[in-house]
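The following exercises are to be worked with the sequence and the structure at hand. Each task is followed by a solution in steps.

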Amino acid sequence: MEILPTIWFIAIAVLWTGYLFLEGFDLGVGMLMKLFARDNTERRILLNTVGPVWDGNEVWLLTAAGATFAAFPLWYASLFSALYLPLLVVLLALIFRAVAFEYRGKVDSDSWRTRWDWAIAVGSFFAAFGVGAALALTTTGLPLNANGDREGGPLAWFSGYAILGGFAVVGFALVHALAFLALKTDGEIRHRARRWFVRLLPVLLLPIAGWALSVQLLDGKTWTWVALAVALVAAGAAWYLGRRDLEGRSFAALGLFLALGTASIFGAVFPVVLPSTLDSAFDLTISNASSSDYTLGLMSVVAAVGLPLVIAYQAWTYWVFRRRVSAEQIPEAHSFLPAIAAKAFLNKG
């Protein structure tokens, strides 16, 4: 077994798991801006739960993509070129979402806030769906030829697995956000989030469970089947603990479900990093897609120094902003932008 490529395959799987865990709940909170919150105060509560951390959570996406580029350049080139259109949509969705976070509260106007609320909700949905589709396809395959190039037109990637993966991440993000809101808010919104969590968990986790099961049926190993079984038990524990109002333990159990589920998926396809649906001889593996041992060794040294620092400052951020958010802590809305600029924007509709 090639040690360094294996280590970096595991590292990339861990980075994607960290991204789905941290960014999952704030993408879900973004979607819940229109699905769950009833008025402007509740939407501001939702925004305040993720306000201090959402941009830091996106660091995990950049790190996962950057690690793939450096450690497995052929994997990166084939995946990102084959999925150029959906990943472009993800990028635009993240941009709209980020701008909406910053601009929503600049003008005290219902129509102004409504437009940005939709930008947050729609941007969060497409970002989650696109990431899920990309991850599902990197574990189930793309029509790649012997050179690692995509065969077919710009929509050759579109398949049932892409749709399943997209809704898998969307569903997980929504249920993860409800667990997070039950943990991070107080008052009526906390109790409603807990009720929705208990009611919707069995439905919202079906797509991600279906994705994991599909991968196991294709390439499963004994230990990955066991990991998937334990993951499903963890999901059941999250539901049970949520019913008993144990929000912290329920949130942790949901995280365990994600960790074991992604481990079962990435472990099942190993050592393949990107299967070809045309011919298994064209599969990209940790052997034929990785960088040199020198590059991977240098990356390992940098990661050993940098990754603990990233984890430390993110942990510190979560600790500082650990307290619950309630309606009593939300001040009155007021405008920051000049009235003329705000009126010009609103009149465009």
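A polar contact is a pair of N or O atoms within 3.5 Å. The model used here is predicted.

**Exercise 1.** Determine which residue caps the N-terminal end of helix α2.

*Solution.* Helix α2 comprises residues 40–50. A side-chain oxygen of Asp39 lies 3.2 Å from the backbone nitrogen of Thr41. Asp39 therefore caps the N-terminal end of α2, given that a polar contact requires N or O atoms within 3.5 Å.

**Exercise 2.** Establish whether helix α2 is largely enclosed or not, and name the helices against which its buried residues pack.

*Solution.* A residue is buried when its relative accessible area is under 20%. In α2, the buried residues are Glu42, Arg43, Arg44, Ile45, Leu46, Leu47, Thr49 and Val50. Because eight of the 11 residues are buried, α2 is largely enclosed by the rest of the structure. Its buried residues pack against α1 (3–35), α3 (54–57), α6 (84–103), α7, α8 (160–184) and α9 (188–204).

**Exercise 3.** Decide whether Asp117 is buried or exposed, and list its contacts.

*Solution.* Asp117 belongs to helix α7, residues 110–140. Its relative accessibility is 3%, so Asp117 counts as buried. Leaving aside residues up to four places away in sequence, Asp117 touches Met33, Lys34, Arg43 and Arg104. Of these, Arg43 is one of the buried residues of α2.

**Exercise 4.** Describe the chain over residues 116–138.

*Solution.* An unreviewed UniProt entry lists several spans as "transmembrane region", including residues 6–37 and 116–138. Residues 116–138 are 100% helix and 0% strand, with end C-alpha atoms 33 Å apart. For residues 6–37, the values are 94% helix, 0% strand and 44 Å.

Methods:
Residues are numbered from 1 along each chain as its sequence is written. This is a predicted model: local features need pLDDT of at least 70, side-chain atom pairs count only at pLDDT 80 or more; totals for chains, interfaces and linings use all residues. Side-chain values use heavy atoms; hydrogens and water are left out. Helices (H or I, at least four residues) and strands (E, at least two) are DSSP runs, numbered from the N terminus. Buried means under 20% relative accessible area, exposed over 50%, partly exposed in between (1.4 Å probe, protein chains only). Contact means heavy atoms within 4.5 Å. UniProt positions are given in the numbering used here, feature names are shortened, and annotations may be inferred rather than shown by experiment. A polar contact is a pair of N or O atoms within 3.5 Å; within protein, one must be able to donate a hydrogen and the other to accept it, and residues adjacent in sequence count only if both atoms are side-chain atoms.
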